[in-house]
Amino acid sequence: MVEIEAKDVWYSYRHGIDALRGVSLKIESGERVAIMGENGAGKTTLIKLFNGLLKPTKGEVLIDKISTRNISVAQISRKVGMVFQKPENQFFAETVEEEIAFGLRNFGFKDISKRVDEALAFASLERYRGKSPFSLSGGEKKRLAIATVMAWEPDALLIDEPTIGQDLSQKVHLATFLRDISSRGKTVVIITHDVDFAAETCERAVLLSKGVVVGDGKIEQIFSNLELMESASLLPPMIVPLLRRLGVKEFTKGLLGIDEAEKLIVQAAKR
Amino acid sequence: MMALEGFRFRRGESFIHRSDPRAKFLLSFAFMMMAIAFVKLEFLLLIFTIQIAILANGRCLKDWLRSLKGLIPLIILIIAAQLLVSWSWVSAATYSLRFVVITSTMSWFLLTTSPDDLGLSLEQVGLPSDISFAFTMAIRFVPVISQEFQSVYDAQRSRGLELEKGSFIQRIRKYVPIIVPVFIETIRRTYEIADAMEVRAFGAKPKRTRLNTLIMRPSDWAISLIAVLLLVGTVCLYLFNIKVPLINV
């Protein structure tokens, strides 16, 4: 159980760019949140603040009511794990197994081999146990990167662009994987440009634009608000404008998926 | 990585920015040779003051200071080693100042010389274009690699790596998880760039022509002349073991 809260957070980079300008939001334990917005909106900066890698220039980020200023990155990471956009940026060990054990050793776990086995099984990577992390495919690398963090079971997982460079089957696998994580009671926060993936995996969406939260709420409400989506330079899932044309005003989560939408379209066709 | 900030080109319009890279190189080389040849506190202070003036002219004092901050651990190491060996504050100050002078020399040269100009001047000095190109690329990628180092460092910190903890040896070993990914990524990038260059027909024509060429202005000749005189002077004093007060006595 972990609660992440940003209170009027500002962040400026050294060269004077204000990446975040007064962001306030609270992520409750067990939520699945998609953080979305155009490039340079401040998404990565925001989750780096959640993880303590960056400290706010103004305002405060609280992890279980403790300010990130007062605790080390390692202490925060134990609770709030982060998976970076490029998995290659973290692999250094000779084997997949060793790669997973690294974090566990840093945190001083005793049951390392058991946890490594679990993480390998969870990410369906058992057969690569003794292989080099660099020999894996793009999708496998991403799963390994997530598994290296999942191994110490943080209460929340922040994932930067999980679907970049992934083909369809890898995405499907990843979506199931994330739902599995969530069903274990973990908070999942992802940054993504992929609206379909977000609709499939998350229940809440936070839209950022130029360092400000412009939308925050249930994902179906956010995605069906076409003006809002456009203001954050996002294309809604194809199904939304279509259903809008068919006269749908109230969107439910199910309507973002094929099955429920199909029923409505068939009904409309009969009319 | 802060240390690298002071070696990264910043565009500018100052006198020193506009000076010919060949002249600038000669001058910075002369300063470096002097700092290596004469280990005398007063003399080093003089060179140091001149360098500050150059940096001020180029409006890059801030960047230089930032890189100096990054070098503090090394400076402390030099001071400690000197104190240990000679037990003299003067020699500790002298040797650490010499280090600062040498790095500052490279710093103002690289801060005010664009990598393109640098490559161009190498070529005009007569180096084969392949080699000058490789040189330009190396400099051009310093900030990229430095950024990458930072992201890898962040990624490993998120996995519980704490560089600040442990004994000296342990701390050095902790750099492995950072250095390995940076190396691998760099090597991989090298291959990619090589391919990208080849598809754009790099090296298709042995003799390349240039859109811009460097021209020495009178002020550049003056700088070069000063630099050559300083170099000749340094070599003479050093070779013939001539003692001059405040320089090497």
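The backbone nitrogen of A93(A) sits 2.8 Å from a polar side-chain atom of E99(A) in this predicted model. A polar contact is a pair of N or O atoms within 3.5 Å; within protein, one must be able to donate a hydrogen and the other to accept it, and residues adjacent in sequence count only if both atoms are side-chain atoms. E99(A) belongs to helix α3 (residues 96-106) of chain A. Helices here are DSSP runs of H or I with at least four residues, strands are runs of E with at least two, and both are numbered from the N terminus. E99(A) is buried, with a relative accessible area of 0%. Buried means under 20%, exposed over 50%, and partly exposed in between, with a 1.4 Å probe and protein chains only. Beyond four places in sequence, E99(A) is in contact (heavy atoms within 4.5 Å) with residues including F92(A), L144(A) and R159(B).

Next, the enclosed and open spaces. On a 1 Å grid over the protein atoms alone, a cavity is a set of points where a 1.4 Å probe fits but cannot get out; a pocket is an open set with protein on both sides within 12 Å along at least five of seven lines; lining residues have an atom within 4 Å of a point. Points are joined across faces, edges and corners, and a volume is the space filled by probe spheres set on them. The whole structure holds 1 cavity of 30 Å³ or more.

| Space | Volume | Nonpolar | Polar | Charged |
|---|---|---|---|---|
| Largest cavity | about 40 Å³ | 4 residues | 1 residue | 2 residues |
| Second largest pocket | about 570 Å³ | 11 residues | 5 residues | 8 residues |

Ala, Val, Leu, Ile, Met, Phe, Trp, Tyr, Cys and Pro count as nonpolar, Asp, Glu, Lys and Arg as charged, and the others, Gly among them, as polar.

R32(A), L178(A) and C202(A) are among the residues lining the largest cavity. Helix α6 (168-183) and strand β8 (187-191) of chain A each supply at least two lining residues there.

The second largest pocket has 24 lining residues; D116(B), F133(B), T136(B), R208(B) and R210(B) lie nearest its centre. Two or more residues come from each of α7 (115-125), α8 and α11 (176-199) of chain B. α7(B) gives the most, with 6.

Chain B has a mean pLDDT (the predictor's confidence in each residue, from 0 to 100) of 88, and 98% of its residues reach 70 or more. Helix α8 (residues 129-140) of chain B is lowest, at a mean of 84. The model scores ipTM 0.86 and pTM 0.77.

Residues are numbered from 1 along each chain as its sequence is written, and chains are lettered from A and ligands numbered from 1 in the order in which they are written. Local features need pLDDT of at least 70, side-chain atom pairs count only at pLDDT 80 or more, totals for chains, interfaces and linings use all residues, and side-chain values use heavy atoms, leaving out hydrogens and water.
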